[in-house]
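Trainee: I would like a close look at one part of this model, chain B. Please take me through its strands, its helix packing and its contact with the other chain.

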Amino acid sequence: MIDDISLDRLNIQEGARYLGYGTDTPDNNVMRLIKECEEDILRTAKPRYIYKVLNISGRDNGIYIEGTNLILLGKSIREHLEGCGSIVLLCATLSSDMDKLIRITQIKDMAKAVIMDAFAGVAVEQLCDKAEEKIKEEFNDKYFTYRFGFGYGDLPIEQMPECLNILNAQKTVGVSVTEGGMMSPSKSVACIIGISNNEIKSRKKGCITCNMRDKCSFRIRGERCGF
Amino acid sequence: MDFRELLNRRKYIVLDGAMGTMLQARGLKLGGIPEELNMTNPDMIKEIHRLYIEAGSDIIYTNTFGGNGYKLAHSVYSVEEIIKSGVSLAKEVCLEYEKDDIRPLAALDIGPIGQLLEPTGSLSFEKAYEYYKEQIIAGQDADLIVFETMTDLLELKAAILAARENSGLPIMCTMTFEQNLRTFTGTSIESMAVTLESLNADAIGVNCSLGPKELLPVVKRISEYTSLPLIVKANAGLPDPVTNTYSITPEEFSDYMLDMAPYGVKIFGGCCGTDQQFIKTMSKALKKYDFSNIAGRQKKETIICSQLKAVNINEPRIIGERINPTGKKKFKEALINNDIDYILNQAIEQVEAGAEILDVNVGLPGINEKSMMVRVIKELQAVVDVPLQIDSTIPEVLEAALRVYNGKPIVNSVNGEEKSMEAILPVIKKYGACVVCLTLDEGGIPKKADDRIKIAEKIMNRAMEYGIPRENLIIDCLTLTASAEQDGVEETLQAVEAVKNKLKLKTVLGVSNISFGLPNRELINHTFLTMALERGLDLPIMNPNVTSMTGAFRAFKLLKGYDRDSSEFIQNYGAVNIKTIVTKPGEAVQIKGNKGEVNTDKKYIENIHEYASGKDSSREALRHAMENGLKAEGTKYTKELLEAGVDSMEIVNEILIPALDKIGTLFEQGKVYLPQLILSAGVAQNSFEVIKSNMLKSDTKPVSKGKIVLATVKGDIHDIGKNIVKVLLENYGYTVIDLGKDVDYQTVVDAAIEHKVKLVGLSALMTTTLVSMEETIKLLRKNNVDCKIVVGGAVLTPEYAKQIGADFYAKDAKESVDIAKKVIGE
């Protein structure tokens with residue numbers, strides 16, 4: 001378990017976007033709640049993460065992770081990791097205290113809970129950003145892909161538990177997956193970052209890899225979520 | 001020599017080192033199932049066992065750590081096969097080393113299931129129990145059982161109960177703590193020690209996560225809270241997260257491990273990163289260690305706990321009494337409608353007001369008290385940190401609650417009647433709880449103090465015959481009503497004093513009874529509270545939300561010297577502006593300042609005052625408060641309107657609902673956003689609360705437009721969306737039967753039938769749980785439940801909703817309301 005990252009503020013604009021504001025700014029009343037939530041989250045969250053760097057090789061049906069029995073399945077992950085010789089398997093979490101805070105807030109003040117939930121999402125993404133930066137520092141002259149999550153494209157979400165097993169995530173960071181395929185604690189992320197010796201052609205994330213593209217409320221409004 | 005004999009006779013016991021580390025060194029792949037090696041490579045497992053025994057291990061752990069039904073679900077081998085082979089491999093090796101009737105022992109090694117327990121995860125306590133039971137029955141040939149690397153105290157409790165109820169083997173328990181002295185799920189060291197001792201574990205301690213140096217503070221703390229023999233199975237220092245190598249040498253490991261002996265550690269071993277060399281070095285050092293100077297530990301304190309927090313009854317503590325339907329119309333209604341959030345809110349409010357323990361009573365004719373109690377306990381312990389007092393007259397209800405309680409609770413209550421002691425005391429013993437003992441018996445409540453003390457003694461003696469330690473007994477000398485039996489007040493106080501000083505037992509009293517039938521009850525109550533505390537009351541059961549009561553309690557603790565440096569008192573009252581206004585001679589009114597909910601946004605407050613100055617001001621102001629999400633103001637102007645004689649339904653239909661409609665429309669048009677919609681809904685909710693209380697007071701029943709069942713489907717634990725829908729539906733006057741999250745298909749069907757609802761709402765967040773939604777709908781149709789079904793959730797589409805047989809798809813909370821209007825009517 002690594003707990004060398006602390007969050008000192010949350011990206012308000014990003015959180016507002018999660019709440020559907022697009023480029024609009026929340027009014028003073030909502031902004032006051034956002035500030036309260038930010039304080040609560042920064043006080044409560046216990047950011048921690050674990051990662052492993054593993055060699056990979058291509059297979060017809062996906063990507064084999066060496067030293068394990070696992071083949072990451074599908075076309076999307078194969079495309080994502082094209083030209084990569086190894087990957088970072090990363091799991092990060094804000095801890096179960098965060099879930100508890102959201103639950104308590106739901107009982108006391110639903111509006112605040114909605115904001116809390118969105119901003120806890122922002123917090124865990126910021127944790128991943130920072131973890132990613134730290135990991136990259138260890139590799140000179142290497143190139144990295146963006147973070148690819150389970151369930152993106154055709155990478156089955158069902159493979160997440162096996163990847164968390166490789167990280168021994170329950171023991172190392174206290175993260176497990178329910179039978180319904182959900183991470184608990186809920187404000188947790190598991191993802192794959194490709195490492196390559198050569199520059200990676202701009203392979204942007206975008207609606208095309210997103211399973212939600214057909215019913216995305218951002219797209220309906222002609223916006224993008226930023227993914 | 002069996003484990004218990006070993007524990008008694010030997011100064012120390014040596015365990016083995018890591019299994020996983022040894023297997024990885026022999027080529028085990030990451031993420032593989034190491035327990036399968038029992039079948040595929042038994043010689044390798046036996047070789048590892050031998051290495052440890054030859055290094056000095058008295059006990060070896062079987063290779064069965066993850067051998068449970070959940071983790072082996074995709075294995076070609078069954079739990080029984082894996083565990084039986086694991087145990088027999090270890091036993092075979094142990095027998096090879098038998099000499100003079102002494103041999104190493106094989107401990108059935110059991111780790112966590114691999115899923116978090118509800119409500120954080122979706123694994124139920126009962127299911128966890130079944131997983132453990134299966135392992136324990138399969139491993140019955142072992143010499144003892146060890147539960148290790150546990151992080152959730154409740155999961156460990158399920159494991160211990162499964163062991164106690166299905167095997168007679170001794171039990172060792174070790175949990176895994178982080179450097180912040182808590183486990184990942186928040187279990188505190190005190191709670192772990194207190195709870196495991198109360199559940200009769202044979203030895204307890206820590207394993208994994210940290211090296212022996214880092215574990216020293218953990219071990220010190222454990223030793224302060226238990227007299228059980230302690231176990232340490234430490235890692236070889238701290239791991240490098242990438243290379244997975246550990247930081248210390250066998251010699252350093254051994255030195256640090258020995259440093260723990262003075263704190264009562266008797267059982268020494270290694271976890272991740274250790275191998276036979278670590279065990280050998282430590283074993284040699286232990287041989288030379290002088291154990292003769294280590295003092296024994298005897299803990300005789302009354303401590304109860306939740307998973308997170310231990311409360312030592314070494315000074316007065318408030319037990320909050322509000323979770324109890326007696327005499328509370330709204331509470332009764334909440335129980336009938338399954339409104340758990342109402343109950344949870346009562347809990348949170350009491351804790352915020354100063355309660356350190358909460359009494360929980362959900363007994364009401366017509367509801368299933370047992371299942372309600374279990375549900376409430378499970379939900380409560382997920383949101384409040386304080387220990388609970390489980391309050392029921394029915395032994396089965398108490399036992400069911402004791403099983404799922406995460407920690408060591410108080411049970412309320414047993415009394416001096418033969419049948420009560422016979423029914424309750426064995427349950428208290430089994431679950432290691434504290435118990436409230438009422439000083440009454442077949443002859444009723446004795447008038448005189450002496451006779452109540454005799455009953456206390458009788459219960460005490462019986463309890464001790466059952467093996468219940470006296471520090472687990474808390475005597476209730478019973479408060480009688482002063483208006484009816486004025487002289488009884490002094491008798492009660494005398495009894496409290498005697499129980500405390502002569503019997504040396506803890507005391508509890510329900511305080512509020514004293515003032516029944518008298519005016520200014522509050523004054524009588526807090527005066528009596530102070531008197532009783534002075535005579536030796538430890539645990540007043542009272543309403544902490546009454547500021548004068550909590551105030552008297554805090555002042556008492558300050559004056560008596562419990563509240564050192566007055567810090568608690570100052571913390572609570574330092575920032576509060578309390579004015580005492582003498583209105584008439586002999587009558588004082590307290591005004592409490594600045595702790596209520598106040599909107600600090602000046603602009604809005606000014607606006608409100610502007611509105612409030614005009615004609616029909618309250619109506620306009622309420623409308624304005626609704627549209628701008630101003631809760632405190634909403635409540636205020638609703639009250640004003642009611643006081644001015646405006647009809648409740650007029651407020652609802654002419655102000656609240658139109659304002660909600662307006663904001664709903666703006667939301668649909670993308671002109672306001674979700675937080676604002678919910679804020680307005682929150683204002684409406686508070687206004688409805690005011691109106692409801694007013695109606696209940698005047699005995700008019702609030703009108704409900706009809707009932708709707710809501711559930712987040714089986715397997716899905718994200719319920720914020722469903723909860724948003726609930727708030728909005730309630731705003732529009734519908735009664736919501738909220739079944740919570742991860743709801744069984746059948747539960748939805750049963751609720752829909754029982755409450756005769758016309759509309760069932762189902763929510764699912766993940767593609768993986770949509771199938772549960774479909775199954776729930778199928779079962780509703782199969783049972784011909786006469787209702788419409790509306791579905792919603794992030795991954796749903798109108799087409800998919802149709803495909804799985806739903807009648808309606810709601811894209812958001814606002815649309816759910818429109819659908820309810822259509823189905824049930826406005």
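Mentor: Start with one pair of residues: B:I204 has B:L230 as its bridge partner in β7(B). The model is predicted. That pair belongs to a parallel arrangement in which strand β6 (residues 203-207) of chain B is joined to strand β7 (residues 230-234) of chain B by four bridges. Both strands sit in an open sheet of eight strands with parallel pairing, whose order in chain B is β1-β8-β7-β6-β5-β4-β3-β2. At the edges stand β1 (13-14) and β2 (59-61) of chain B; each has a single partner strand, so one side of each is left without a neighbour in the sheet.

Now the helices. Helix α24 (residues 631-643) of chain B and α26(B) have axes that come within 8 Å and cross at roughly 30 degrees. The crossing of α24(B) past α26(B) is right-handed. From α24(B), the contact uses B:K631, B:G634, B:T635, B:T638, B:K639 and B:L642, and from α26(B) it uses B:G682, B:V683, B:N686, B:S687, B:V690, B:I691 and B:N694. By type, the residues of this contact between α24(B) and α26(B) are four nonpolar, seven polar and two charged.

Helix α26(B) leads on to the chain contact, which takes 52 residues from chain A and 49 residues from chain B. On the side of chain B that touches chain A, two or more residues each come from α13 (340-353), α14 (369-383), α22 (602-613), α26 (674-697) and α27 (720-731) of chain B. With six residues, α26(B) gives the most to that side. The residues of the side of chain B that touches chain A comprise 22 nonpolar, 22 polar and five charged.

Note on methods
Residues numbered from 1 in each chain as written. Chains lettered and ligands numbered in written order. Predicted model: local features only at pLDDT ≥ 70, side-chain atom pairs only at ≥ 80, totals over all residues. Contact = placed C-beta atoms within 7 Å. Nonpolar A, V, L, I, M, F, W, Y, C, P; charged D, E, K, R; others polar. Pairing = 2+ DSSP bridges. Axes fitted to C-alpha atoms, helices over the stretch in contact; angles between N-to-C directions. Left-handed = near helix turned anticlockwise from the far one by under 90°.
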